[in-house]
Amino acid sequence: SLMFEVGNYLKAREALEKAIRWNPANAKIAFEHAETYKATGELDKFFELTKTIFKIAFRPDDVARCYRNLGFYFVEQEEWKVAAGCILMSMRFDKDAKNAQSELYYIATKTGGKLDEPTIEEFEEYAEKYGFPVCGDDNVARLAYALGERMEKEEEFEGAAYCYEIVYGLSGD
């Protein structure tokens with residue numbers, strides 16, 4: 001992270017790749033790694049890495065960041081409607097994200113002052129076309145729910161509550 005902060009993105013990438021080998025399920029490390037590609041202008045790799053982070057994102061703010069990253073990518077591709085859909089989806093998981101609001105404003109200014117929001121059907125089509133999940137990775141919520149049930153049966157109520165909080169944060173249910 002320090003190497004990234006001083007602009008040495010390749011050294012940062014190298015260190016972050018090692019960190020990912022040590023802890024492949026840490027979304028914060030994975031985001032920082034993806035950011036090195038964004039910083040060097042390798043946006044296709046940034047996009048691909050962001051899509052893989054969905055598989056380990058279990059906190060709502062991490063899922064929101066995945067969608068904001070996708071939104072950034074689509075803004076750079078001038079795919080305004082897809083970008084708006086991704087940013088709006090990010091706000092489902094992080095309603096107070098000020099950067100999401102400013103990104104929507106930026107998209108609106110680039111499209112003549114009107115934000116063209118995709119319907120859910122259109123967003124589903126974009127997700128299928130570009131290979132990202134519609135509402136976070138379903139496997140993450142299912143795994144957390146299964147672990148919560150198991151812990152509850154074993155009377156590990158604190159762990160069960162933690163797992164159920166993950167499910168609620170991802171699904172609202």
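Helix 4 goes past helix 5 in a left-handed crossing, in what is a predicted model. Who touches whom here? On the helix 4 side, the contact uses Leu43, Asp44, Phe46, Phe47, Thr50, Lys51 and Ile53. Helix 5 answers with Cys66, Asn69, Leu70, Phe72, Tyr73, Phe74 and Glu76. Sort the residues in this contact by class and you get 9 nonpolar, 2 polar and 3 charged.

Now for the geometry. A pair of packed helices is described by the angle between their axes and the distance between the axes. For helix 4 and helix 5, the packing angle is about 155° and the axes lie 9 Å apart. Angles over 145 degrees count as roughly antiparallel, so that is how helix 4 and helix 5 run relative to each other.

Both of these helices also meet helix 8, which spans residues 120-130. Its buried residues pack against helix 4 (43-53), helix 5 (60-76) and, in addition, helix 6 (80-93). Which residues of helix 8 are buried? They are Phe123, Tyr126, Ala127 and Tyr130. These four sit on the same side of helix 8, because they cover an arc of only 100° around the axis.

Swing round to the face of helix 8 turned away from that buried side, and you find the exposed residues Glu125, Glu128 and Lys129. Helix 8, then, has Phe123 and Tyr126 among its buried residues, while Glu125 is one of the exposed residues on the face turned away from them. Just after helix 8 comes Gly131, with a positive phi near 80°.

Notes
Residues numbered from 1 in each chain as written. Predicted model: local features only at pLDDT ≥ 70, side-chain atom pairs only at ≥ 80, totals over all residues. Heavy atoms only, no water. Buried < 20%, exposed > 50% of the residue type's maximum accessible area, 1.4 Å probe, protein only. Helix = DSSP H or I, 4+ residues; strand = E, 2+ residues; numbered from the N terminus. Arc of directions from axis to C-beta. Contact = heavy atoms within 4.5 Å. Axes fitted to C-alpha atoms, helices over the stretch in contact; angles between N-to-C directions. Parallel < 35°, antiparallel > 145°, perpendicular 65-115°, else oblique. Left-handed = near helix turned anticlockwise from the far one by under 90°. Nonpolar A, V, L, I, M, F, W, Y, C, P; charged D, E, K, R; others polar.
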